[in-house]
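Let's take a walk through a protein together. Keep the viewer open and follow along as we go.

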Amino acid sequence: MFSDCKLAFKQIRTWKRASVLAEGLLGCVGRSTVTGMITATGQHFKDWSAAYRLFQGDRMNTDALFSVIRKSVADAVSADEGEIYAHMDDTLLRKTGKKVEGAKWMRDPLGPPFHTNFVWGQRFIQMSLSLCSGMDKVQATTVPVDLQHCPTARKPKKDSPREDHDLYRETQKKTKLSLIGSQRISALRKGLDSDGHRGKSLVVSVDGSYTNETVLKKLVDNVILIGRVRKDCKLYGLPDVSPENSKGRKRVYGDELPTPEQIRQSDEYGWKEVKAWAAGKIHTFNIKTVEKVRWEKSGPMNLRLVVIRPVGYRLTKKSKLLYRDPAYLICTSTELPLEKLLQAYLWRWGIEVNFRDQKTLMGCGQAQVRKEIPCSKVPQFVTAVYSMLLVSASKAKITELPRPKWYSKKKNRRTTTQDIINQFRAINWTDSVKINFTDFVAMENKQRSAKNNPIHSLSSLFYTRN
């Protein structure tokens, strides 16, 4: 896949240098800094300045880099499917340097709900696509296809000129997350059209922070939005278009409907059973739906309201039955089947898995850069390498490494990102040291000392958790 990205680089030697750094990123067992990538490939005794210059200027076009990934994922979707499923969310990359471009004090999303904590970091918006051969009740791999740095405007001092305060207010409006999210959705739709998928609808799942007027009223054609709403939001029915009410200004909203929470508790609306894949198996969800409702945030657009009953679960086999919170969704399409609507939103959890893997396993945000362009391009490069790893693993058929004894044996176990990285390191390192790794796998149950066979000391690196 990296060989298809030559057009994303200004020169061939720049592309070769980037490919070496990508290999070093996957083989690095320490902090995933630029220095760590260089050291992992044995380049630490050479001039390292060219590796740092790679992330400056226009030597690397990250949009072209992600376009290769986007086309690979979209082409892998079954041709019979009429939709491509995407997910959007923002994340926080923690920093320590006070001079890092775009860093500021922000609310800690991992803090306790009863106390607000603040952390110093940068914010990014990411879009991911669901990679699955058939959009059915199955597990899907979520692959990032876009990452955008969203720095906030710096607030001027109180004694600054009035022009600075006016400029701050204008910049603050342009850097709103909801506005940038709307722009990224339009860019993704345009990119899919250029890749030859103009006939497929783009279904985007978002959380409550993007289910607002800025995003809903700026949706482009052939885009369907699924988002969460508050349980007490005001919804309306369709207006009465009878001749008696034809005088005066044309009405947009009809009579006020019950709130989503009232609809969930009411017996006037019946429950429906819909099956979808979640948490490793197919579950049956109870759903209430109200067709063709309108909301002030979306204007004259017909929406569908979906209420999902909380799912019961037990912490242990003998513990009492617990319940999660109900979910209230709206969809901008009233024709999308309920099964696809529910499954698309359940797949949205994959972008949270992407954030965890990018930060903990790939080291996204660990690079010690502070200028504007490197602060944006280094996380994008790390995310692009991570996406290529996921797409390549879905296409390749590689025998898994033997699992450690403390791993529980489960059927239909999901292949994690760490398993894929272990596969890459096993293939790469054993080929470098010229060791027959297959012989070790065949005799994995035999006790062999590390002194007589050096593969034990090498295999211990395969299971290293960053």
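What follows goes from the overall make-up to one strand, then to the cores, the spaces and two single residues.

Please keep in mind that this is a predicted model. The protein chain has 466 residues, and 47% of them count as buried. Its secondary structure comes to 14 helices and 13 strands. To get a feel for how the chain folds back on itself, consider the contacts between residues at least 6 apart in sequence: 64% of these join residues at least 24 apart.

A good place to begin is strand S3, which covers residues 118-131. How many of its residues are buried? The count is 13 of 14, and the strand is mostly covered. Look next at the strands that pair with S3. Strand S1, residues 83-94, runs antiparallel to S3 and is joined to it by nine bridges. If you would like a landmark for this pairing, find Ala86, which stands opposite Leu129 in S3. Strand S2, residues 104-107, also runs antiparallel to S3, with four bridges between them. Here the landmark is Arg107, with Phe118 of S3 opposite. Strand S4, residues 141-149, is joined to S3 by eight bridges, again in an antiparallel arrangement. In that pairing, Ser130 faces Thr142 of S4.

Thr142 deserves a short stop. This residue of strand S4 counts as buried because its relative accessibility is 6%, and the cut-off for buried is under 20%. What does Thr142 touch, leaving aside residues up to four places away in sequence? Its contacts are His87, Ser128, Leu129, Trp347, Gly350, Ile351, Asn354 and Leu390.

Now for the nonpolar interior. In soluble globular proteins, nonpolar side chains tend to be buried together. In this model, the largest nonpolar core has 81 residues, and those with the most contacts inside it are Phe9, Leu65, Ile69, Val204 and Phe381. Helix H11, residues 372-395, gives the most to this core, with 11 residues. A second core, separate from it, has 23 residues, including Cys132, Val203, Leu329 and Ala344. Back in the largest core, try centring your view on Phe381. Not counting residues up to four places away in sequence, Phe381 touches Phe2, Ala18, Leu21, Ala22, Met37, Phe55, Met60 and Leu65.

From the packed parts we turn to the spaces. The second largest pocket holds about 1300 Å³ of space. Its lining has 41 residues, and those nearest its centre are Thr91, Leu92, Leu93, Pro109 and Lys359. Which elements supply at least two residues each to this lining? They are S1, S2, helix H6 (177-194) and helix H10 (349-360). S1 gives the most, with six residues. Sorted by class, the lining of this pocket has 13 nonpolar, 11 polar and 17 charged residues.

There are also enclosed spaces: the structure holds two cavities of 30 Å³ or more. The largest cavity contains about 50 Å³. Around it you will find Thr91, Leu93, Phe124, Gln126, Leu147, Phe355, Gln358, Lys359, Cys364 and Thr383. S1, S3 and H10 are the elements that give two or more residues to this lining, with the largest share, three residues, coming from H10. By class, the lining of the largest cavity has five nonpolar, four polar and one charged residues.

The second largest cavity contains about 40 Å³. Its lining is made of Lys95, Gln122, Gly365, Gln366, Ala367, Val369, Cys375, Val378 and Pro379. H11 gives the most to this lining, with three residues. Five of the lining residues of the second largest cavity are nonpolar, three are polar and one is charged.

One last stop takes us to a loop. Asn61 sits between helix H3 (49-53) and helix H4 (62-76). Why does Asn61 count as partly exposed? The reason is its relative accessibility of 39%, as partly exposed lies between the under 20% of buried and the over 50% of exposed. Asn61 also shows how sequence and space can part ways: Asn61 and Ala8 are 53 residues apart in sequence, yet their C-alpha atoms are 5.0 Å apart in space.

How values were computed:
Residues numbered from 1 in each chain as written. Predicted model: local features only at pLDDT ≥ 70, side-chain atom pairs only at ≥ 80, totals over all residues. Heavy atoms only, no water. Buried < 20%, exposed > 50% of the residue type's maximum accessible area, 1.4 Å probe, protein only. Pairing = 2+ DSSP bridges. 1 Å grid on protein atoms, 1.4 Å probe; cavity = no way out; pocket = protein on both sides within 12 Å on 5 of 7 lines; lining within 4 Å. Points joined across faces, edges and corners; volume = space filled by probe spheres on them. Nonpolar A, V, L, I, M, F, W, Y, C, P; charged D, E, K, R; others polar. Core = buried A, V, L, I, M, F, W, Y, C linked by side-chain atoms within 4.5 Å. Contact = heavy atoms within 4.5 Å.
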